[in-house]
Every structure is written in C-alpha cells, then in structure tokens.
Amino acid sequence: MTSPVPESVPVSPAPASAVSSHWPRHRAGATLRIDLDAIAANYRLVRDRLTPRTTCAAVVKADAYGLGLAQVAPALQRAGAEHFYVAHLEEGIALRPHVTPATRIFVLHGPLPGTEEEFTAHGLTPVLNSIEQIAGWRALARRQDRVLPAVIQLDTGMSRFGLSMDDVRAIADDAGLLAGITPDLIISHLACADTPRDPANAQQRARLLDMAALLPAAPMALSASSGIFLGPDYHFDMVRPGAALYGIAPNEDGPNPLRPVVRLSARILQVRDIAAGDGVGYGLTYRASGPRRIATIGAGYADGCLRQGASHGAAWFGETRLPILGRISMDSITIDITDVPAGALGPDMAVDLLGPQHDVDAAARAAGTIGYEILTSLGHRYHRTYVAGG
Ligand SMILES: *Cc1c(COP(=O)(O)O)cnc(C)c1O
C-alpha cells in the first residue's frame with residue numbers, strides 16, 4: 001500500500017559533490033526511492049546469461065540514468081562490475097572517486113580536442129571514434145613517451161559514432177596511425193537491438209567482424225542491454241548494459257525479466273470536490289461530466305512528469321488507478337480520486353507515479369516515449385532514498 005509516504009532505509013548519504021540535491025522528506029513534494037539491491041540483482045541477472053568468456057561492464061552515463069552515480073556505481077561494483085562506461089569526460093572524472101583504482105572507466109565520446117591529458121590524469125580510457133581522435137591520442141602517447149590503451153569504436157551501420165570502413169582501411173594500410181596506441185577493445189553499437197527480428201542486427205554483427213579483421217586483434221564488444229537478449233552470438237568479449245540494470249525491459253517480447261528499481265511517490269497537497277461542468281488545470285482542458293473528488297499532488301513536468309503523458313497517464317493508490325485530469329503543471333498534477341473510498345486518501349498522503357502498478361515502461365508508453373527518457377528526466381526536487389542491504 002502507498003500511504004503514508006513509504007518508509008525505506010537510507011544508506012551512505014551522497015557526498016557534497018553528488019550531482020543531485022536531496023530534499024529532506026518533510027519539505028519535498030515527492031519521494032523517489034531507488035532500490036540498489038534491485039540494480040545489483042539486475043546486474044547479476046544479465047551477467048548470468050553470459051559465458052565466462054564475456055565480461056559484463058556497466059553503463060552509468062547521465063548520472064546513472066538519473067538515479068545517482070555516487071550511489072549506483074558502488075552498488076554495481078559490489079555486485080561485481082569492474083568496467084564502467086560513461087559518455088563524457090566530465091562524467092568519468094565524477095565517477096573515478098566512487099570506484100576502485102583498478103576499475104576501468106571508458107568514455108564513449110572520446111577526447112574533445114585538447115582534453116587528452118585529462119584522460120590519463122584521471123585514469124580514464126577513451127573510446128576513439130575518428131581518425132582525428134586517434135591522432136590526438138597518438139600525439140599524447142608520443143608526448144608521454146609511453147604506450148596508451150584505448151577503445152576503438154567502429155561504425156557498423158548506425159552512422160552515429162565510430163570509424164568508417166574507409167578509416168579502417170587507412171589504418172590497415174598505415175600501421176603508423178596507431179603508433180603508441182594499444183587497442184584493448186574494439187566496439188560497435190546496434191541500432192535495432194530492441195527489435196530481435198530486424199535484419200540490421202545480423203548485418204551489423206557481420207560488418208563488425210569484417211572491419212575488425214583489418215585491425216590488430218583485440219577483444220570485441222557489440223551489445224548494450226537489448227543486444228544481450230539477442231543471444232550469445234551478440235556477446236563477444238564484453239557487453240555493456242545500462243537500461244537493463246535500471247529495470248527497463250530489453251524488448252517487447254514477453255514479460256520483463258528485470259526487477260523494477262524506482263518508486264516515485266507524490267504527496268497529496270490538496271483535495272477538493274468539483275461539480276459537473278467544472279474545469280481543471282491550465283486551459284481547462286478537463287471538464288467534469290459529474291461530481292468528482294480530485295487531488296493535487298506535488299510533482300510536475302519540472303520533476304520529469306512529462307506533459308505529453310497527461311492524457312493517458314495516471315497515479316496509483318495501491319491497485320486503484322487515479323487518472324490524471326487536464327494538463328500537467330510545472331510543479332503539480334491533478335488526479336481523480338473519486339474511486340478511492342471516502343477518507344482513505346487525504347492531504348499529506350502519497351500516491352505512486354512510478355511503482356508496482358505502473359513501472360517505468362508503462363509510464364513511457366503513456367507519454368509516447370521510452371523508459372530511458374522517463375528515468376533521465378527525473379528531477380532533483382525529490383526526497384531521494386536509496387534502499388540497500390535488504
Ligand atoms: C547508452 C549506451 C549503452 C547502454 O545502452 P542501454 O540500451 O541503456 O543498455 C551502451 N553502449 C553505448 C555506445 C551507449 O551509447
């Protein structure tokens with residue numbers, strides 16, 4: 001049940017450097033409960049699908065998909081992760097103090113011009129995506145007079161990041177282009193892995209093998225969360241799940257095997273009774289067809305409750321669905337609580353916006369988006385609790 005605001009066990013409060021501010025419960029309009037045990041269980045569930053040949057890295061870009069890098073990364077490390085991916089250099093620097101010195105941190109975007117030294121200074125390994133990035137890394141190896149490791153990304157069909165076939169041929173023709181660089185991993189990324197039947201998956205896999213054959217031999221990696229569920233042909237030497245760790249379904253085939261990780265409970269700020277014909281919210285886009293009991297709750301689009309999700313969205317009280325009425329405001333949402341027995345819900349009690357009846361994927365469907373966007377949109381005005389050790 002959802003009332004009052006759920007209890008949970010706070011662990012290791014965020015250090016002052018944490019990206020998110022954590023509002024005290026009594027001052028916050030909503031509570032975001034993040035289950036670190038579920039993240040660890042999802043990591044192990046994914047890893048257990050792999051043979052010992054394949055390493056399971058963890059992707060913690062975008063503040064661990066909005067859930068808090070400082071808490072999530074150590075939890076993944078305790079579950080066994082020794083390799084992490086972030087997108088930006090800044091994220092790699094932020095991650096470094098939260099993992100052991102031996103942990104490898106890969107930065108997907110690679111070095112921006114002039115940032116190469118900062119990678120070695122912080123113990124970060126770049127993903128090199130272009131001939132220019134390779135040249136910058138080679139120059140650093142020469143300046144530091146040592147051999148530097150790097151990941152090389154190949155564009156096998158997504159046209160987003162990585163070396164083209166022409167770039168790979170240029171390297172095959174001139175080994176000097178990689179002077180001073182040890183490629184310790186060759187990666188690519190699938191465009192359509194969430195659609196297992198899409199022929200692009202096998203085409204990208206074949207292209208990876210063709211392109212890698214022209215380069216110095218190195219371990220290979222192709223799959224993020226959805227790709228892992230395409231089966232062992234897609235596992236190679238390393239996989240790099242993000243979304244699956246945070247409970248997002250890898251595809252729409254069958255039930256989601258992953259444990260839900262977040263629960264978002266919003267506080268009821270005010271309750272009122274309205275009559276037939278009364279309008280609700282900006283634009284008065286909802287008009288009551290009869291008497292309704294409605295509640296205003298303390299989270300809005302500034303907190304990541306996407307405005308687009310209003311018409312199909314709902315909050316939940318236990319198993320009772322409470323439809324959103326009218327538009328979502330910046331700081332509040334109005335919901336219909338007529339179906340809840342009188343007196344069961346009132347000011348200062350909580351309803352779920354994300355929870356057992358309504359997971360991240362369901363919220364995404366209601367808003368016409370994907371679970372990734374729901375998680376990474378979560379705001380910083382919540383009281384956050386991290387559950388661990390259960
Ligand atoms: C974001 C990202 C991942 C993780 O993807 P998920 O779908 O969240 O598992 C892996 N690899 C690359 C290159 C990425 O950009």
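Before I turn to the empty spaces in this protein, let me fix one term: when I call a lining residue nonpolar, I mean Ala, Val, Leu, Ile, Met, Phe, Trp, Tyr, Cys or Pro, while Asp, Glu, Lys and Arg count as charged and the others, Gly among them, as polar. Please also keep in mind that what you have in front of you is a predicted model.

With that in hand, let me begin with the enclosed spaces. The structure holds three cavities of 30 Å³ or more, and the largest cavity contains about 220 Å³ of space. Its lining is made up of 15 nonpolar residues, four polar ones and one charged one. Of the 20 residues that line the largest cavity, C305, L306, L353, A363 and I374 lie nearest its centre. Two elements, β18 (350-354) and α10, each supply at least two residues of this lining, and the largest share, three residues, comes from α10.

The second largest cavity offers about 50 Å³ of space, and the residues around it include Q153, D155, R160, F161 and H189. By class, that lining has three nonpolar, four polar and two charged residues.

Now to the open space, where the largest pocket has a volume of about 1100 Å³. Helix α10 (360-367) appears here too, since the elements giving two or more residues to the lining of the largest pocket are α2 (61-65), α9 (225-228), α10 and α11 (371-377). There are 42 lining residues in the largest pocket, and D194, S226, A243, I370 and Y372 are the ones that lie nearest its centre. Sorted by class, the lining of the largest pocket comprises 20 nonpolar, 14 polar and eight charged residues.

Where does the largest pocket lie with respect to domain 1 and domain 2? The pocket lies between them, because domain 1 (19-34 + 259-387) and domain 2 (36-246) both give residues to its lining.

That brings me to how the two domains meet. The centres of domain 1 and domain 2, taken over C-alpha atoms, are separated by 37 Å, and the contact takes 14 residues from domain 1 and 16 residues from domain 2. Between them, the domains bury about 1400 Å², with 62% of that area on carbon and sulfur atoms. On the domain 1 side, R259, V261 and Y386 lose the most area to domain 2, and together they account for 38% of what that side buries. As for charge pairs across this boundary, the count of salt bridges between domain 1 and domain 2 is zero.

Methods:
Residues are numbered from 1 along each chain as its sequence is written. This is a predicted model: local features need pLDDT of at least 70, side-chain atom pairs count only at pLDDT 80 or more; totals for chains, interfaces and linings use all residues. Side-chain values use heavy atoms; hydrogens and water are left out. On a 1 Å grid over the protein atoms alone, a cavity is a set of points where a 1.4 Å probe fits but cannot get out, and a pocket is an open set with protein on both sides within 12 Å along at least five of seven lines; lining residues have an atom within 4 Å of a point. Grid points are joined across faces, edges and corners, and a volume is the space filled by probe spheres set on the points. Helices (H or I, at least four residues) and strands (E, at least two) are DSSP runs, numbered from the N terminus. Domain bounds come from an automatic or database domain assignment. Contact means heavy atoms within 4.5 Å. Buried area is the accessible area (1.4 Å probe) that two parts lose on being put together, summed over both. A salt bridge is a side-chain nitrogen of Lys or Arg within 4 Å of a carboxyl oxygen of Asp or Glu.
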